[in-house]
Amino acid sequence: MSASPTQPLAAGPDLLELPAGGCLQGRVRVQGDKSISHRALLFGAIAEGETLIEGLLPAEDPLSTAACLRAMGVEVGPIVAGQPVRVQGVGLDGLQEPETVLDCGNSGTTMRLMLGLLVGRAGRHFVLSGDGSLRRRPMARVALPLAKMGAQIHGRQGGNLAPLAVQGQALVGATIRTPVASAQVKSALLLAALTAEGPTTVIEPAHSRDHSERMLRAFGADLELMAADGTEVRVRPGAVLRGQSVVVPGDISSAAFWLVAAAITPGSELTIENVGLNPSRTGILDVLAAMGARVSLENSRDVAGEPVGDLVVRHGPLRAFTIGEALIPRLVDEIPVLAVAACCAEGVSRITGAAELRVKETDRLAVMARQLQALGAAIEEHPDGLTITGPTRLRGADTDSETDHRVAMSLAVAALVADGPTRLGRPEAAAVSYPDFWQDLARLRH
Ligand code: S3P
């Protein structure tokens, strides 16, 4: 069965038919930033008093964080799209020992930040687990640096894999060089540092997203940037965190699908409203500019300590791009959809220094190479990246998200420019970060 461009998408329980053809027109307001949503819930939980969160992302990942917090006695109000969420803070040491396993679902951010939060809860025991994907993801990158502060974390394969057991301890501050530029690792350490004895300094090999630093400061933490490039952060314990009003900007990692979709689909013009433009996240805009994409910024403003703006994107000719290791932290989640953009760009696009993608929700280098090859792309996988030759006329085929939300949405973007319909297995994965994606696609497609 194939539908005309204006018909709604045909959804089966597990399989979605994506018709070919059509263009994208209109306005879209992507939902709240996933990274900021997790942090607003977590910091609200350990603050004194109430935190009111506007624009919290009502997707599976933040719901996992909220469920874990509730299991430890934190009152988190209902999470419903368009309604502010109230969190009644229990204070820095108020989290109760949960009666059962804390289920982090598919969410690496939940598990890693939660580890940082729980290791210092002396005398309490916690077990964290998650779905099949999360139980395969490396946790030693958090557990080993936390151990330098006295944390006790046990898990499968020497403590690297969940389920993980945490025996809360009194921690000591330390100076820690993290092995990878990862905001999840950095944030776990900053959270542990809040109640350690003495200051903690975290030094990263490259600057990762800094939402934790910004928001912890806004909550009243004693946090200082020690290097101008943001790679060294010091926390002194003792400050009381106070509940805040948090406004969560739209997620640029969700906007990325529309940016690429409109840039590659003839006849398209989209306005994406309220996009978070924190410089540690805007690598995709740099790449699109280098490709010659027609993207402009309107209405740029500051919302609760984060830069925000509206992005207007139009279809046009695109050139190939090169992305090296230095840029990866600023667009780590956008590589799958940029691989789709590369299929439509003139020349050879090269992505290197991106081995981190192999330990995301899936091995995104392998999965994107496999799935885009099914659509006829000229894409080669390397140990740390991808090489893509374009432009290629993609052809509709059977594809699969392999349970990865960003793969699901990237393949939907590729299907827009394929000849003939594409069938996508396991499209429901998109709900991990963007529950309205399929509705937005049906509405914007003409
Ligand atoms: C996130 C950081 C990134 C990113 C993830 C969310 C965060 O992971 O891929 O989707 O909220 O801190 P790493 O910090 O491990 O690169």
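# Exercises on a predicted model

An oxygen atom of the ligand lies 2.7 Å from an N or O atom in the side chain of S35. The model is predicted, and the exercises below start from this contact.

## Exercise 1: The ligand site

Find which residues surround the ligand, and decide which of the side chains of S35, R39 and D333 make a polar contact with the ligand.

Solution. Step 1: list the surroundings. The ligand is surrounded by K34, S35, R39, T109, S182, A183, Q184, R209, V332, D333 and K360.

Step 2: look up the distances. For S35, an N or O atom of the side chain is 2.7 Å from a ligand oxygen. For R39, the side chain also has an N or O atom 2.7 Å from an oxygen atom of the ligand. For D333, a polar side-chain atom is 2.7 Å from a ligand oxygen.

Step 3: apply the cut-off. A polar contact is a pair of N or O atoms within 3.5 Å, so S35, R39 and D333 each make one with the ligand.

## Exercise 2: A sheet and the helix across it

Give the strand order of the open sheet that contains β5, name its edge strands, and state which helix lies across it.

Solution. Step 1: the order is β5-β6-β4-β15, four strands with mixed pairing.

Step 2: β5 (75-76) and β15 (245-247) are the edge strands, since each pairs on one side only.

Step 3: examine one pair. β5 and β6 (residues 85-90) run antiparallel and are joined by two bridges. Here V76 stands opposite V87 in β6.

Step 4: add the helix. Helix α1 (residues 34-46) lies across β4 (48-54), β5, β6 and β15, and runs at about 40 degrees to β6.

## Exercise 3: A second open sheet

Describe the sheet that contains β11: its order, its edges, its twist and the helix across it.

Solution. Step 1: four strands form an open sheet in the order β11-β12-β14-β13, and the pairing is mixed.

Step 2: the edges are β11 (175-177) and β13 (222-225), each of which pairs on one side only. From one strand to the next, the twist averages 15 degrees.

Step 3: β11 and β12 (residues 200-203) run parallel, with three bridges between them. R177 stands opposite I203 in β12.

Step 4: helix α6 (residues 183-193) lies across β11, β12, β13 and β14 (232-236), running at about 175 degrees to β12.

## Exercise 4: Cis peptide bonds

Locate the cis peptide bonds that lead to P163 and P391, and place each proline in the structure.

Solution. Step 1: A162 and P163 are joined by a cis peptide bond with omega of about 5 degrees. P163 lies in strand β10 (residues 161-167).

Step 2: β10 has pairing partners. Four bridges join it to β8 (residues 125-129), antiparallel, and three join it to β9 (residues 153-155), also antiparallel. F126 stands opposite V166 in β10, and H154 has A165 as its bridge partner.

Step 3: the bond from G390 to P391 is cis, with omega near -5 degrees. P391 is in the loop between β22 (385-390) and β23 (398-400).

## Exercise 5: Two helices

Describe how helix α10 meets helix α11.

Solution. Step 1: the axes of α10 (residues 335-343) and α11 (residues 364-374) come within 10 Å and cross at roughly 35 degrees. The crossing is right-handed.

Step 2: P336, A339, V340 and C343 in α10 meet R364, M368 and L372 in α11.

Step 3: sorted by class, this contact has six nonpolar residues, no polar ones and one charged residue.

How values were computed
Residues numbered from 1 in each chain as written. Predicted model: local features only at pLDDT ≥ 70, side-chain atom pairs only at ≥ 80, totals over all residues. Heavy atoms only, no water. Axes fitted to C-alpha atoms, helices over the stretch in contact; angles between N-to-C directions. Left-handed = near helix turned anticlockwise from the far one by under 90°. Contact = heavy atoms within 4.5 Å. Nonpolar A, V, L, I, M, F, W, Y, C, P; charged D, E, K, R; others polar. Pairing = 2+ DSSP bridges. Near = heavy atom within 4 Å. Polar contact = N/O pair within 3.5 Å; in protein donor to acceptor, adjacent residues only side chain to side chain.
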